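Let us walk through a protein model together, one region at a time. Keep the sequence and the picture side by side as you read.

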Amino acid sequence: MTEQRNPMRDRPDTEPDILQQEKKAVEELIAIRTITAENTAFFRTEGGFVRMEYTNPDGEVRTYPRISVHRCFPFSDPTHFISIREPEADGREIGLVEDLNDLPAEMRAMLEEQMALRYFTPKIQKVHSVKEEYGYAYWDVTTDRGACRFTVRMAGGGNVYAIGPNRYLVNDIDGNRFEIPDLYKLSAKEIKMLDLFI
């Protein structure tokens, strides 16, 4: 009688190593890394971007030639939970800065510059007029970036919405965003012009 071969017993010894490597790769992919001044260094590049070096808990240094910086809560909590991502492909997250204020001034400045480019949101300081015509509202305002005119679609709603106590975000038809930092710092006449939206 011939002995039956057991395919499980005859598997090469390297298979557990491969499984361990795959498990480690998955853990690396889904891990939430906290970015701190102790484990990360940022460097400005010639093209106006930011390069990053991250040291993992095992002491391995990984270099990211270019990163993108995103706020998890861009309007409700702009200084906490800053996501550092790879800019290519699906923008995989590298790590998270829990509080910008915990970083040294130079490091914080680099990240704030990158976010200022991403989240360009002029603040409305004065409303000169808002005229409604054929389903659109034509705004004439002064912002912290100067005088501006833009158009907001009236239908569908969601183009002017609260993002905090007395704070509003305005989306125009081109996808630009404008912030009203404090509605009640505007005059009564200006607030009256916004009655259709607020």
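Two strands pair if DSSP finds at least two bridges between them. With that in mind, look at the part of this predicted model where strands E10 and E11 run antiparallel, joined by four bridges. One of the residue partnerships here is easy to find: Gly164 has Arg167 in E11 as its bridge partner.

Now follow the chain around the turn. Which residue takes a positive phi in the hairpin of E10 and E11? That residue is Asn166, with a phi near 65 degrees, in a hairpin that has two residues between the strands. Asn166 sits in the loop between strand E10 (160-164) and strand E11 (167-171). A positive phi is worth pausing on, because most residues other than glycine have a negative phi. Asn166 counts as partly exposed because its relative accessibility is 34%, and buried would require a value under 20%.

Strand E11 has a neighbour on its other pairing as well. E11 and strand E12 (residues 177-180) pair in the antiparallel sense, over four bridges. Here Val170 is matched with Phe178, its bridge partner in E12. The hairpin of E11 and E12 has five residues between the strands, and in this hairpin Gly175 takes a positive phi near 85 degrees. As for E11 itself, the strand is mostly covered, with four of its five residues buried.

Phe178 leads us to the aromatic rings. How many aromatic pairs does the structure hold? There are four aromatic pairs. One of them joins Phe73 and Phe81: the ring centres are 6.2 Å apart and the planes stand at 80 degrees, so this pair is edge-to-face. Phe73 is partly exposed, at 43% relative accessibility, and Phe81 is also partly exposed, at 33%. You can find Phe81 in strand E5 (residues 80-85). Phe81 is a residue other than glycine with a positive phi, near 55 degrees.

Another pair brings Trp139 and Phe197 together. Their ring centres are 5.2 Å apart and their planes meet at 55 degrees, so the pair is tilted. This pair links distant parts of the chain: Trp139 is in strand E8 (residues 136-143), while Phe197 is in the segment after helix H3 (188-193), 58 residues apart. Are these two residues buried or exposed? Trp139 is buried, with a relative accessible area of 2%, and Phe197 counts as buried at 15%. Ring pairs also link Trp139, Phe150, Phe178 and Phe197 into a cluster, and Phe178 is the residue we met as the bridge partner of Val170.

Rings can have charged neighbours too. Arg66 lies over the face of Phe49, at 3.9 Å from the ring centre.

A second arginine shows another kind of contact. Arg33 lies in the loop between helix H1 (14-30) and strand E1 (40-44). Arg33 is buried, with a relative accessible area of 9%. What does the side chain of Arg33 reach? The side chain extends to the backbone oxygen of Ile94, at 3.0 Å.

Move along to strand E1, where you will find Thr40. Thr40 is buried because its relative accessible area is 5%, and the cut-off for buried is under 20%. Leaving aside residues up to four places away in sequence, Thr40 touches Ile35, Met52, Glu53, Tyr54 and Met107. Take Met52 as an example: Thr40 and Met52 are 12 residues apart in sequence, and 7.0 Å apart in space from C-alpha to C-alpha. Thr40 also has a polar contact between side chains, with Asn39 as the partner, at 2.6 Å.

Finally, let us turn to the cysteines. A disulfide is a covalent bond between the sulfur atoms of two cysteines. How many disulfides are counted in this model? With a cut-off of 2.5 Å between the sulfur atoms, the count comes to zero disulfides. Cys72 counts as partly exposed, at 36% relative accessibility, and Cys148 is partly exposed as well, at 22%.

Technical notes:
Residues are numbered from 1 along each chain as its sequence is written. This is a predicted model: local features need pLDDT of at least 70, side-chain atom pairs count only at pLDDT 80 or more; totals for chains, interfaces and linings use all residues. Side-chain values use heavy atoms; hydrogens and water are left out. Buried means under 20% relative accessible area, exposed over 50%, partly exposed in between (1.4 Å probe, protein chains only). A polar contact is a pair of N or O atoms within 3.5 Å; within protein, one must be able to donate a hydrogen and the other to accept it, and residues adjacent in sequence count only if both atoms are side-chain atoms. Rings of Phe, Tyr and Trp (its six-membered ring) pair if their centres lie within 6.5 Å; planes under 30 degrees apart count as stacked, over 60 as edge-to-face and the rest as tilted. A charge sits over a ring if NZ of Lys or CZ of Arg is within 6 Å of the ring centre and within 35 degrees of the ring normal. Contact means heavy atoms within 4.5 Å.
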